[in-house]
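Student: Could we go through this structure together, one question at a time? I would like to see the reasoning behind each reply.

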Amino acid sequence: MSGYTEKMRDIAGRLLKECAVDMVIGFRKGTMPMMNEPCFVTKPEDVQSLVWDSNCGINLANYLANRKEKIAIFAKGCDSRNIVTHITENKIERDQLHIVGVPCTGMIDKRKITGMVAGEILEVSETENTIKVKTSDAETLLDKKDVLQQNCALCIHRNPVIHDEMVADPVQEQTDIDRYAEIHKIEEMETEDKWRFFDDLLSPCIRCYACRNACPLCYCPTCFVDESKPQWVGKGQDPIDVRTFHLLRAYHCAGRCTDCGACERACPVGINMRLLTRKLEKDCQEQFGWEAGLSPDQRPALDVYKANDPEAFIK
Amino acid sequence: MEYMGIERDRLHMSWVSSAEATKFIDVVTRVTEAVRALGPNQHFVKQKAKVA
Ligand code: SF4
Ligand code: SF4
Ligand code: SF4
């Protein structure tokens, strides 16, 4: 995927020169290995800062909500589905956007890689299928498929669902993927074990809200956790408050989450909060046949009524 | 809620019209019985902050 970079700079340069857009949203190299950061280019002479590789896991749709100018945005499969969600939810107009589709082969998991090598990582480079990690005293060659972010390993929509032009030809979609193996396992646990499982999962949470801030769905001007009149939930690290935050955050993403993994990627303590959003994704899929953000012409599962909606829970 | 470890019978959801008094009584009776059988709720109960 690092081969996309030149093409992207050309596209961005062309769009800015033609004044077709006011701003291009992409990625540039971060100050540390495996930490590319979002980049907003407004002048044609600045397009050289744009890059693309397997460290572009941040979801760029996050930067679109309520923008007024014309924007070109590079969108992988998941970003494109969040863009669709933004359009459906009136957070941005379709004709404000020039969507440049990026066929994606997955993003790599920096936490996993850091755990696999000894010493500080100085440089990470890649080819199509391999990742080379350089530390002060060794070089390690890793198979990219072994170090993918978990959501990317499970991804079934790698090609953008909406685009005005593409950076490259579509990639092959993964098939025969069981997206919900872990979710099934939790569902089968005894009630008390479930409670304990989530206590353990969430216990390291420091309530930094990086997961919320990284998520394109979380665009509320004031999040329920920040309200003080009334205060819906305690603001400390009491386990019940932490759980309430996570439960409600997941619910607010129900039927909207694209499993882009930005939340998990952003978490400084490595909590897999996607175990909550994925359960809701699974329920939406099973009960309403709904997958978020596939087409701007479809209304979301939670805002339409169908006569055959499941209702066994109403007693 | 069930997925996070709340007992299945603790939470109930029903539609009752203001004209359906009998249904209301029926629902309340069933809910009370189901919840009583489970005993007091242990989860989602916030303990008082411990002060050193
Ligand atoms: S979730 Fe899919 S589209 Fe998104 S980064 Fe991972 S592989 Fe690419
Ligand atoms: S909840 Fe997480 S995985 Fe879902 S859309 Fe938001 S950032 Fe992406
Ligand atoms: S990013 Fe991690 S530590 Fe921060 S609030 Fe979210 S789950 Fe908690």
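Tutor: Happily; what follows is a set of questions and answers on a predicted model.

Student: Let's start with the charged pairs. How many salt bridges does a search of the whole structure find over all chains?

Tutor: We will look at several of them in turn, one being the pair of Lys76(A) and Asp79(A). Searched over all chains, the whole structure has a salt bridge total of 28.

Student: How far apart are the closest N and O atoms of Lys76(A) and Asp79(A), and are these residues buried or exposed?

Tutor: Buried means under 20% relative accessible area. Lys76(A) has 2%, so it is buried, and Asp79(A) has 0%, so it is buried as well. The closest N and O atoms of their salt bridge are separated by 3.0 Å.

Student: Which residue meets Arg278(A) in a salt bridge, and why does the pair tie together parts apart in sequence?

Tutor: The N to O distance in this salt bridge is 2.5 Å, and the partner of Arg278(A) is Glu182(A). Arg278(A) belongs to helix α10 and its partner to helix α5 (residues 181-187), so the pair ties together parts that are 96 residues apart in sequence. Arg278(A) counts as buried because its relative accessibility is 1%, while the partner, at 28%, counts as partly exposed. The name you asked for is Glu182(A).

Student: And with which residue does Lys282(A) form a salt bridge?

Tutor: The closest N and O atoms of this pair are 2.7 Å apart, and the acidic side chain is that of Glu187(A). Lys282(A) lies in helix α10 and Glu187(A) in helix α5, so parts 95 residues apart in sequence are tied together. Lys282(A) is buried at 4%, whereas its partner is partly exposed at 24%. The residue is Glu187(A).

Student: Which residues are linked in a network of salt bridges?

Tutor: Here the links go beyond a single pair, and the network includes Arg179(A) and Asp259(A). The full set is Arg179(A), Asp259(A), Glu264(A), Arg274(A) and Glu281(A).

Student: Arg265(A) has no salt bridge. How far away is the nearest side chain of opposite charge?

Tutor: Arg265(A) sits in helix α9 (residues 262-266) and is buried. Its side chain does reach the backbone oxygen of Asn55(A), at 3.4 Å. A salt bridge needs the nitrogen within 4 Å of a carboxyl oxygen. The nearest side chain of opposite charge is that of Asp109(A), at 7.0 Å.

Student: What does the side chain of Asn59(A) reach?

Tutor: Asn59(A) is in the loop between β2 (37-41) and β3 (71-75), and it counts as buried because its relative accessibility is 0%. Leaving aside residues up to four places away in sequence, it touches several others, including Cys78(A), Asp79(A) and Pro216(A). At 3.0 Å, its side chain reaches the backbone nitrogen of Ala61(A).

Student: Now ligand 3. Which of the 14 residues around it come nearest?

Tutor: By class, the shell has 12 nonpolar, 1 polar and 1 charged residues. Helices α7 (210-214) and α8 (239-252) each supply at least two residues of that shell. The residues that come nearest are Cys205(A), Cys208(A), Tyr209(A), Cys211(A) and Cys267(A).

Student: What is the phi of Tyr209(A)?

Tutor: Most residues other than glycine have a negative phi. Tyr209(A), in the loop between α6 (191-202) and α7, is buried with a relative accessible area of 11%. Although it is not a glycine, its phi is positive, at about 65°.

Student: And is Asp176(A) buried or exposed?

Tutor: Asp176(A) is in the loop between β8 (165-166) and α5, and its phi is also positive, near 55°. From Cys267(A) it is 29 Å away in space, C-alpha to C-alpha. Over 50% counts as exposed. Since its relative accessible area is 80%, Asp176(A) is exposed.

Student: Last one: which residues does a cis peptide bond join?

Tutor: Most peptide bonds are trans. In this case omega is about 0°, and the proline concerned, Pro230(A), is in the loop between α7 and α8. The cis bond joins Lys229(A) and Pro230(A).

Technical notes: Residues are numbered from 1 along each chain as its sequence is written. Chains are lettered from A and ligands numbered from 1 in the order in which they are written. This is a predicted model: local features need pLDDT of at least 70, side-chain atom pairs count only at pLDDT 80 or more; totals for chains, interfaces and linings use all residues. Side-chain values use heavy atoms; hydrogens and water are left out. Helices (H or I, at least four residues) and strands (E, at least two) are DSSP runs, numbered from the N terminus. Buried means under 20% relative accessible area, exposed over 50%, partly exposed in between (1.4 Å probe, protein chains only). Lys and Arg count as positive and Asp and Glu as negative; His and the chain ends are not counted. A polar contact is a pair of N or O atoms within 3.5 Å; within protein, one must be able to donate a hydrogen and the other to accept it, and residues adjacent in sequence count only if both atoms are side-chain atoms. A residue is near a molecule or strand if one of its heavy atoms lies within 4 Å of it. Ala, Val, Leu, Ile, Met, Phe, Trp, Tyr, Cys and Pro count as nonpolar, Asp, Glu, Lys and Arg as charged, and the others, Gly among them, as polar. Contact means heavy atoms within 4.5 Å.
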